Amino acid sequence: MDRSDRLVLFDIDGTLLRRSGPAHRQALERAVERVTGTAVSIDGIPVAGMLDRDILLEMMARAGVRGRTAEGLLEEAGRAAQNIFVRNCPDLSRKVCPGVRPLLRALQRLGAPCGLVTGNLERIAWTKMRRAGLREFFSVGAFSGDGPTRGALIRLAIERARGAGLIRPGAETIYVGDHPNDVKAAREAGVRIVAVGTGVVSGADLLARAPDRYVEDLRALRARDLLA
């Protein structure tokens, strides 16, 4: 396959999918209960834009487990959460955001590789893509547990795409996300950011972060314009 001079990375929750049900939340809660012995709720944690690892650590703190002890349990908790989610994830085909499928098909026709950069744990992310019918469009990704920040995940996804021979050296990267943390991460990684208003954050709040482009949903984004 010819290497591309463009790489398009996508967030998942609020960008590709929305209102995808309680399975993810329940998997994290049950995983924390399993490793700490204490049932805790995710309620009140501002999960939008957070990495799963940080959500798990916050819930473990609520269960009275902190510091090095929590860090030592993080891998086990993440593994448990992924196992629980894979078993319980529902059909997500009706949860795909407007415009996602046409945009991904157009990018595929143009030969632009697409990847995921998400706060989801890896198996949770890929399971969501399979259950939504979107798995075929993504060749690479970086996930919670792969790095400490979303900006670091963007850089890692680019490295993985380059290592897989998907993109040329110096290829431009575009990140598509729905949260101010996505804008911040793109700035940290030095890539273009398209903000989309299908998440929980208002368009006004996203525009205040000065993304390179803002669209209400992905129906307004043409593949050729995105790659221009």
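What follows is a short dialogue on reading a few features of this predicted model.

Visitor: Let's start with the sheet. In what order do the strands of the open sheet stand?

Guide: The model is predicted, so keep that in mind throughout. The open sheet has 6 strands in the order β3-β2-β1-β4-β5-β6, and the pairing is parallel. At the edges you find β3 (140-144) and β6 (213-215); each has a single partner strand, so one side of each has no neighbour in the sheet. On average, neighbouring strands of this sheet are turned by 20 degrees against each other, direction ignored.

Visitor: How many bridges join β1 to β4?

Guide: Strand β1 (residues 4-10) and strand β4 (residues 167-177) run parallel and are joined by 6 bridges. If you want a spot to click on, Leu9 stands opposite Tyr175 in β4.

Visitor: And which residue is the bridge partner of Ile174 in β5?

Guide: That partner is Arg192. Strand β5 (residues 192-196) runs parallel to β4, with 4 bridges between them. Over by β3, strand β2 (residues 114-121) is joined to β3 by 4 bridges, again in parallel. There, Leu121 has Ser144 in β3 as its bridge partner.

Visitor: On to charges. How many salt bridges does the count come to?

Guide: The general idea first: side chains of opposite charge can pair when their charged atoms come close. In this model the count comes to 14 salt bridges. One of them pairs Glu172 with Arg6, with the closest N and O atoms 3.3 Å apart. This pair links distant parts of the chain, as Glu172 is in strand β4 and Arg6 in strand β1, 166 residues apart. Glu172 counts as partly exposed, at 27% relative accessibility.

Visitor: Which parts does the salt bridge between Lys128 and Asp13 tie together?

Guide: The closest N and O atoms of Lys128 and Asp13 are 2.8 Å apart. Lys128 belongs to helix α5 (residues 122-132), while Asp13 sits in the loop between β1 and α1 (23-36), so the pair ties together parts that are 115 residues apart in sequence. Look at the accessibility too: Lys128 counts as buried at 1%, whereas Asp13 counts as partly exposed at 27%.

Visitor: Where do Glu29 and Arg25 lie?

Guide: Both are in helix α1, 4 residues apart, which is about one turn of the helix. Their side chains meet in a salt bridge at 3.3 Å, N to O. Glu29 is buried at 15% relative accessibility, and Arg25 is partly exposed at 32%.

Visitor: Which residues are joined into one network by salt bridges that share partners?

Guide: Asp5, Arg6, Glu172 and Arg192 are joined that way. You've already met Arg192 as the bridge partner of Ile174, and Glu172 with Arg6 as a salt bridge.

Visitor: Now helix packing. At roughly what angle do the axes of α1 and α2 cross?

Guide: The axes of α1 and helix α2 (residues 52-62) cross at roughly 50 degrees and come within 10 Å. That makes α1 oblique to α2. As for the hand, α1 passes α2 in a right-handed crossing.

Visitor: What about cysteines? How many disulfides does the count come to?

Guide: A disulfide is a covalent bond between the sulfur atoms of two cysteines. Here the count comes to 0 disulfides. The cut-off to bear in mind is that the two sulfur atoms must be within 2.5 Å. For Cys97, the closest cysteine sulfur is in Cys89, 15 Å away, which is too far for a bond. Cys114 has the sulfur of Cys97 as its closest, also at 15 Å and too far for a bond. Cys97 counts as buried, at 3% relative accessibility, and Cys114 is buried with a relative accessible area of 3%.

Visitor: Last one, the backbone. What is the phi of Ala210 near?

Guide: Most residues other than glycine have a negative phi. Phi of Ala210 is near 55 degrees, a positive value in a residue other than glycine. Ala210 lies in the loop between α8 (203-208) and β6.

Visitor: How does Ala210 count at its relative accessibility: buried or partly exposed?

Guide: Ala210 counts as partly exposed, at 47% relative accessibility.

Notes. Residues are numbered from 1 along each chain as its sequence is written. This is a predicted model: local features need pLDDT of at least 70, side-chain atom pairs count only at pLDDT 80 or more; totals for chains, interfaces and linings use all residues. Side-chain values use heavy atoms; hydrogens and water are left out. Buried means under 20% relative accessible area, exposed over 50%, partly exposed in between (1.4 Å probe, protein chains only). Two strands pair if DSSP finds at least two bridges between them. Helices (H or I, at least four residues) and strands (E, at least two) are DSSP runs, numbered from the N terminus. A salt bridge is a side-chain nitrogen of Lys or Arg within 4 Å of a carboxyl oxygen of Asp or Glu. Axes are lines fitted to C-alpha atoms, for helices over the stretch in contact, and angles run from 0 to 180 degrees between N-to-C directions. Angles under 35 degrees count as roughly parallel, over 145 as roughly antiparallel, 65 to 115 as roughly perpendicular and the rest as oblique. A crossing is left-handed if the near helix is turned anticlockwise from the far one by less than a right angle, and right-handed if clockwise.
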